[in-house]
Amino acid sequence: MNIIRSARFGASTLIPKNCWSVVRSISSTELTKLEVNDKTGIAVLTLNRPPVNSLNLELLTDIRNSIKDAESNKCRGLILTSSSNSVFSAGLDFLEMYQPKEERLKSFWTALQSTWMTLYGSKIPTAAAINGHAPAGGCLLATSCEYRVMLPKFTIGLNETLIGIVAPNWFMNSYLNVLPRRVAELALTQGKMFTTAEAQQVGLVDDVVNTKEEAIAKCEEFIGLFKKINPYARALTKQQFRINHLQELEQNREQDLQAFIAAITNPSTQAAMGAYLENLKKRSK
Ligand SMILES: CC/C=C\C/C=C\C/C=C\CC/C=C/CC(=O)SCCNC(=O)CCNC(=O)[C@H](O)C(C)(C)COP(=O)(O)OP(=O)(O)OC[C@H]1O[C@@H](n2cnc3c(N)ncnc32)[C@H](O)[C@@H]1OP(=O)(O)O
């Protein structure tokens with residue numbers, strides 16, 4: 001058996017899963033766990049930032065590093081999931097955007113841009129096992145993948161307008177890569193959160209299953225579709241579909257950062273976000 005070494009983790013840890021496969025930890029931090037199934041070569045990246053996997057600078061950085069680790073370890077595919085039983089990811093961490101410090105705000109948004117470009121443009125097949133709610137940035141992660149499977153009774157969508165903010169172009173492009181234009185426009189302008197059943201109906205998710213294990217198995221099945229396909233030809237074909245969106249952000253990173261800072265630090269945005277956060281806190285009491 002080849003032991004994969006990770007720059008971030010040193011020697012790999014072997015975790016027996018069943019008699020047919022061995023799950024090996026490639027890299028691990030407090031916030032993420034990246035494990036590869038030795039038999040299939042498929043990696044699972046588990047987000048682990050309780051209570052709701054809200055995406056702060058550190059989690060975004062770890063996600064990006066993990067995607068790169070999966071690629072450099074020549075994994076055959078990557079599955080994103082969550083350690084929570086009810087939330088895939090609550091999207092961007094409001095605490096990064098509410099009453100922010102400018103330098104941290106810049107690093108945060110720059111990390112989000114980089115993580116999105118790494119995931120959306122990844123050469124390896126990517127899939128999301130959505131085992132909980134996936135609002136806003138959580139939905140962005142899922143729609144940046146090539147395949148989505150979701151558990152029942154959760155919600156997913158880009159709800160930015162409900163918070164009084166505007167989803168940037170590249171969030172919209174990830175949505176448009178999955179949804180028909182008319183559906184995407186209506187959903188974005190309403191800040192619609194789709195139930196699992198609605199999401200499947202409009203094509204925002206490809207499949208619905210009852211357990212996380214089944215979701216991972218579905219993702220593995222999807223990634224298995226490429227078993228006999230030349231990875232180089234596959235990666236270049238995927239890239240041709242996504243290159244315009246990637247270049248659009250790459251060429252306008254600084255403008256996008258400035259637009260974000262201006263929008264977020266606007267007093268009316270701060271007031272709307274403050275009220276939304278207050279409401280969230282009240283609801284969780
Ligand atoms: C022309 C264009 C011009 C300009 C464009 C440029 C820039 C645009 C500007 C900005 C774009 C910014 C984009 C932002 C995208 C985002 O991702 S914003 C985040 C949106 N997320 C949400 O709305 C989700 C909110 N959360 C929930 O709905 C629920 O928490 C959830 C359903 C996920 C889980 O519910 P439940 O299990 O019941 O948990 P609780 O609600 O009880 O929450 C537990 C604690 O977690 C805290 N929390 C929840 N979400 C977040 C979050 N996103 N960030 C930080 N903290 C969060 C919650 O307050 C509870 O905390 P407490 O226990 O009370 O301390």
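The buried residues of helix 7 pack against three neighbours: strand 9 (155–157), helix 5 (160–163) and helix 6 (169–176). In this predicted model, helix 7 spans residues 181–190, and its buried residues are Ala-184, Ala-187 and Leu-188. They lie on the same side of helix 7, because the arc they cover around the axis is only 95°. If you like to think in helical repeats, recall that an α-helix has 3.6 residues a turn, so residues three or four places apart point the same way. Turn to the other side of helix 7 and you find Arg-182 and Thr-189, which are exposed. Just after helix 7 comes Gly-191, with a positive phi near 65°.

Let us stay with one of those neighbours, helix 6. Two packed helices are described by the angle between their axes and the distance between the axes. For helix 6 and helix 7, the axes come within 9 Å and cross at roughly 135°. That angle makes helix 6 oblique to helix 7, and the crossing is right-handed. The residues that meet here are Met-172, Tyr-175 and Leu-176 from helix 6, and Arg-181, Ala-184 and Leu-188 from helix 7. Two of these, Ala-184 and Leu-188, are among the buried residues of helix 7.

Strand 9, another neighbour of helix 7, takes us to a sheet. Three strands form this open sheet in the order 7-9-10, with mixed pairing. Its edges are strand 7 (134–135) and strand 10 (194–195), each of which pairs on one side only. Between strand 9 and strand 10 there are two bridges, in the antiparallel sense. To find this pairing in the coordinates, look for Thr-155, whose bridge partner in strand 10 is Thr-195.

Now for a second pair of helices. Helix 1 (residues 57–72) and helix 3 (residues 102–120) have axes 9 Å apart and pack at an angle of about 25°. These two helices are therefore roughly parallel to each other, and helix 1 passes helix 3 in a left-handed crossing. On the helix 1 side, the contact is made by Leu-57, Leu-60, Thr-61, Ile-63, Arg-64, Ile-67 and Lys-68. Helix 3 contributes Arg-104, Ser-107, Phe-108, Ala-111, Leu-112, Ser-114, Thr-115, Thr-118 and Leu-119.

Which residues of strand 6 (residues 126–130) are covered? Five of its five residues are buried. Thr-126, Ala-128 and Ile-130 point one way, while Ala-127 and Ala-129 point the other way. Strand 6 has pairing partners too. Strand 5 (residues 77–82) runs parallel to strand 6 and is joined to it by three bridges, with Leu-80 opposite Ala-128. Strand 8 (residues 147–150) also pairs with strand 6 in the parallel sense, over four bridges; here Ala-127 has Tyr-147 as its bridge partner.

Strand 3 (residues 32–37) is mostly covered as well, with five of its six residues buried. This strand runs antiparallel to strand 4 (residues 42–47), and five bridges join the two. Glu-35 is a handy landmark, since its bridge partner in strand 4 is Val-44. Strand 3 and strand 4 form a hairpin with four residues between them, and Gly-41 in the turn has a positive phi of about 75°.

Finally, have a look at the loops and their backbone geometry. Most residues other than glycine have a negative phi, and most peptide bonds are trans. Where does this model depart from the trans peptide bond? One place is the bond from Pro-50 to Pro-51, which is cis with omega near 5°. Pro-51 sits in the loop between strand 4 and helix 1.

Two residues that are not glycine have a positive phi: Lys-74, at about 60°, and Gln-99, at about 45°. Lys-74 belongs to the loop between helix 1 and strand 5, and it counts as exposed because 11 other C-beta atoms lie within 10 Å, where the cut-off for exposed is 12 or fewer. Gln-99 is in the loop between helix 2 (94–97) and helix 3; this residue is exposed too, with 9 other C-beta atoms within 10 Å.

One more loop residue is worth a visit: Thr-211, between strand 11 (207–208) and helix 9 (212–224). Is Thr-211 buried or exposed? With 10 other C-beta atoms within 10 Å, Thr-211 is exposed. Thr-211 and Leu-31 are 180 residues apart in sequence, and their C-alpha atoms are 22 Å apart in space.

Key: Residues are numbered from 1 along each chain as its sequence is written. This is a predicted model: local features need pLDDT of at least 70, side-chain atom pairs count only at pLDDT 80 or more; totals for chains, interfaces and linings use all residues. A residue is buried if 20 or more other C-beta atoms lie within 10 Å of its own, exposed if 12 or fewer, and partly exposed in between; C-beta atoms are placed from the backbone. The arc is that of the directions from the helix axis to the C-beta atoms. Two residues are in contact if their C-beta atoms, placed from the backbone, lie within 7 Å. Two strands pair if DSSP finds at least two bridges between them. Axes are lines fitted to C-alpha atoms, for helices over the stretch in contact, and angles run from 0 to 180 degrees between N-to-C directions. Angles under 35 degrees count as roughly parallel, over 145 as roughly antiparallel, 65 to 115 as roughly perpendicular and the rest as oblique. A crossing is left-handed if the near helix is turned anticlockwise from the far one by less than a right angle, and right-handed if clockwise.
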